[in-house]
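Trainee: I have a model open and would like to learn how to read it. Could you walk me through it, one feature at a time?

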Amino acid sequence: MREEKKKYKVGYTQGVYDMFHIGHLNLLIHAKELCDYLIVGVNSDALVLEYKNKVTVINQDERLKIISHIKEVDECIIVDTLDKLELSKKFKFNAVFIGDDWKGNPRWEKTAEDLARVGIDVVFLPHTERISSTVLRPQRGNAVDEK
């Protein structure tokens, strides 16, 4: 039996992956099904604080270790930017994978347009219903006080 060729040579996905759950795993499995080599960016603690105004429950080094030990992940890096165009120059991926719960989001629509101009596809993968880190996260004591 012949192995089916993957659609993309190098794929990329990025997230916080705080309090790793089945939705995270499903996204990584589906992403790997579509590419030969999967790079996963783990958002740094500083980046999460900057754009979400939240302190992670699990620190970046531990999150990196968790993600890097998943068999679908070929390379795992800590990233300090949400700019996929900038990241594409360094990591040479030809597809970005994201949950379809982001479809229609203005930031992701712009990202898809920008990446399409340089030949990179944004692929929206099925979101796992009824699970998210926001639902799992303790509701108190995780946001930075704005004093």
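**Reading the model, feature by feature**

Mentor: Gladly. Let us begin with a salt bridge: Arg63 pairs with Asp45, and their closest N and O atoms are 2.5 Å apart. Keep in mind that this is a predicted model.

Trainee: What is the general idea behind such a pair?

Mentor: Side chains of opposite charge can pair when their charged atoms come close. In this case Arg63 belongs to helix α3 (residues 60-68) and Asp45 to helix α2 (residues 45-52), so the bridge ties together parts that are 18 residues apart in sequence.

Trainee: Are Arg63 and Asp45 buried or exposed?

Mentor: They fall into two classes. Arg63 counts as buried because its relative accessibility is 0%, with the cut-off for buried being under 20%. Asp45, at 27% relative accessibility, counts as partly exposed.

Trainee: Which residue can I look at to see something 10 residues from Asp45 in sequence?

Mentor: Try Val55. Its C-alpha is 7.0 Å from that of Asp45 in space. Val55 sits in the loop between α2 and α3 and is partly exposed, with a relative accessible area of 47%.

Trainee: How many salt bridges does the structure hold?

Mentor: Four. Let me take you to a group of residues where they join up: Lys110, Asp114 and Arg117 are linked in a network of salt bridges. Lys110 bridges to Asp114 with the closest N and O atoms 2.9 Å apart, and Arg117 meets Asp114 at 2.8 Å, N to O.

Trainee: Where do Lys110 and Asp114 lie?

Mentor: Both are in helix α5 (residues 106-116), four residues apart, which is about one turn of the helix. As for accessibility, Lys110 is partly exposed, with a relative accessible area of 48%, while Arg117 is exposed at 63%.

Trainee: Charges can also meet rings, I gather. Which ring does the charged end of Arg107 sit over?

Mentor: That of Trp102: the charged end of Arg107 is 5.7 Å from the ring centre.

Trainee: Now for rings that meet rings. How many aromatic pairs are there?

Mentor: The count comes to two. To classify a pair, look at the angle between the planes: under 30 degrees counts as stacked and over 60 as edge-to-face. Tyr8 and Phe97 have ring centres 6.1 Å apart and planes at 75°, so this pair is edge-to-face. The two residues come from distant parts of the chain, with Tyr8 in strand β1 (residues 8-15) and Phe97 in strand β4 (residues 95-99), 89 residues apart. Both Tyr8 and Phe97 are buried.

Trainee: And what are the distance and angle for Tyr12 and Phe93?

Mentor: Their ring centres are 4.7 Å apart and the planes lie at 15°, so Tyr12 and Phe93 are stacked. Tyr12 is in strand β1 and Phe93 in the loop between α4 and β4, so the pair ties together parts 81 residues apart in sequence. Tyr12 counts as buried at 0% relative accessibility, and Phe93 is buried too, at 3%.

Trainee: Let me try a loop residue. Where is Thr81?

Mentor: Look in the loop between β3 (75-79) and α4 (84-91). Thr81 is buried, with a relative accessible area of 17%. A polar atom of its side chain lies 3.0 Å from the backbone nitrogen of Asp83. Leaving aside residues up to four places away in sequence, Thr81 touches Gln14, Leu47, Glu86 and Leu87.

Trainee: Could we step back to the whole chain? In what order do its elements run?

Mentor: There are six helices and five strands. From the N terminus on, the order is β-α-β-α-α-β-α-β-α-β-α. Of the 147 residues, 41% count as buried. Among contacts between residues at least 6 apart in sequence, 78% join residues at least 24 apart.

Trainee: One last point: what is the average pLDDT of the chain?

Mentor: The average is 88, and 84% of the residues score at least 70. Over residues 139-147, however, the pLDDT is below 50; this stretch has nine contacts in the model beyond near neighbours in sequence. Where pLDDT is low, the predicted coordinates should not be read in detail.

Terms used
Residues numbered from 1 in each chain as written. Predicted model: local features only at pLDDT ≥ 70, side-chain atom pairs only at ≥ 80, totals over all residues. Heavy atoms only, no water. Buried < 20%, exposed > 50% of the residue type's maximum accessible area, 1.4 Å probe, protein only. Polar contact = N/O pair within 3.5 Å; in protein donor to acceptor, adjacent residues only side chain to side chain. Contact = heavy atoms within 4.5 Å. Phe/Tyr/Trp six-rings, centres within 6.5 Å; stacked < 30°, edge-to-face > 60°. Lys NZ or Arg CZ within 6 Å of the ring centre and 35° of its normal. pLDDT = per-residue confidence, 0-100. Salt bridge = Lys/Arg side-chain N within 4 Å of Asp/Glu carboxyl O.
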